[in-house]
Amino acid sequence: MNIALWVAQILLALMFLMGGMMKTFQYEKVKASMPWAKDSSRGYVLLIGLSELLAAIGFIVPPATDILPWLAGVAAIGIAVIMTLAIGVHVRRGENQAIVMNVVILAIAVFIAIGRLGS
């Protein structure tokens, strides 16, 4: 189970590291490539990007250093909240492909949260 949790954490960490970097430092690129960002303020996109970067760090650093390893579960809860809100945004906008991806990420985040906080 620990190996499956690590694989899930690394997968989400890499994904959110890349996405968070883009949302935090390349707003114009995000605006051009993500339809929801065209209708969102720069501050909103920045907040999401910073949250994703913090989650990416939280998935890896605390359990790898064994310093507050439960923070990986907290990071997973944070991502689950973001994905739940993102699903709502994409449902309103009719962006069905994005909804599917958000549901998959939500499921992985819940798996990590239960696995890391449930023990």
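**Reading a helical model, feature by feature**

Q: Let's start with Leu68: where does it lie?

A: Leu68 sits in the loop between α4 and α5. Helices here are DSSP runs of H or I with at least four residues, and strands are runs of E with at least two, numbered from the N terminus. Before we go on: this is a predicted model, where local features need pLDDT of at least 70 and side-chain atom pairs count only at pLDDT 80 or more, while totals for chains, interfaces and linings use all residues. Residues are numbered from 1 along each chain as its sequence is written, and side-chain values use heavy atoms, leaving out hydrogens and water.

Q: Is Leu68 buried or exposed, or something in between?

A: The labels go by relative accessible area: buried is under 20%, exposed is over 50%, and partly exposed is in between (1.4 Å probe, protein chains only). Leu68 comes out at 45%, so call it partly exposed. As for its place in space, Leu68 is 25 residues from Gly43 in sequence, and their C-alpha atoms are 30 Å apart.

Q: Which residues form the nonpolar patch on the surface?

A: For a patch, take residues with over 30% relative accessible area and no salt bridge; nonpolar side chains (Val, Leu, Ile, Met, Phe, Trp, Tyr) are joined within 5 Å, like charges within 9 Å. Here Leu68 teams up with Ile67, Trp70, Val74, Ile77, Val81, Leu85 and Leu117, and together they offer about 750 Å² of accessible area (Shrake-Rupley method, 1.4 Å probe, with only the protein chains shown counting as cover for residues). Helix α5 gives the largest share, four residues. Leu117 belongs to helix α6 and, with a relative accessible area of 38%, is partly exposed.

Q: How do I check a helix, and what span should α6 have?

A: Multiply 1.5 Å by one less than the number of residues to get the expected span. The 22 residues of α6 should cover 32 Å, and the end C-alpha atoms are 31 Å apart, which agrees. Try α1 (residues 2-25) too: its 24 residues should span 34 Å, and the ends are 33 Å apart, again in agreement.

Q: What do the buried residues of α1 and α6 pack against?

A: Here's the idea to keep in mind: an α-helix has 3.6 residues a turn, so residues three or four places apart point the same way. In α1 the buried set includes Leu5, Ala8, Leu12 and Phe16. The buried residues of α1 pack against α2 (27-33), α3 (35-38), α4 (42-65), α5 (71-93) and α6 (96-117). In α6, Ile99, Asn102, Ile105, Ala109 and Ile112 are among the buried residues, and the partners of the buried set are α1, α4 and α5.

Q: How many aromatic pairs does a search of the whole structure find?

A: You describe a pair of aromatic rings by the distance of the centres and the angle of the planes. Rings of Phe, Tyr and Trp (its six-membered ring) pair if the centres lie within 6.5 Å; planes under 30 degrees apart are stacked, over 60 edge-to-face, and the rest tilted. The search turns up one pair. The rings of Trp36 and Tyr44 have centres 6.3 Å apart and planes at 85°, so they sit edge-to-face. Trp36 is buried at 12%, and Tyr44 is partly exposed at 37%.

Q: What else does Trp36 touch?

A: A contact means heavy atoms within 4.5 Å. From its place in helix α3, Trp36 touches Lys23, Val45, Ile48, Val89, His90, Arg93 and Glu95 as well as Tyr44, leaving aside residues up to four places away in sequence. His90 is 54 residues from Trp36 along the chain, yet their C-alpha atoms are separated by 7.8 Å.

Q: How many salt bridges does the structure hold?

A: You need a side-chain nitrogen of Lys or Arg within 4 Å of a carboxyl oxygen of Asp or Glu. There are three. One joins Glu52 and Lys23, with the closest N and O atoms 3.0 Å apart. That pair links distant parts of the chain, Glu52 in helix α4 and Lys23 in helix α1, 29 residues apart. Glu52 is buried at 4%, and Lys23 is buried too, at 10%.

Q: Which residues are linked in a network of salt bridges?

A: Asp39, Arg93 and Glu95. Arg93 meets Asp39 at 2.4 Å, N to O. This pair also spans distant parts of the chain: Arg93 is in helix α5 and Asp39 in the loop between α3 and α4, 54 residues apart. Arg93 meets Glu95 as well, at 2.7 Å, N to O. Asp39 is exposed at 61%, Arg93 partly exposed at 33%, and Glu95 buried at 16%.
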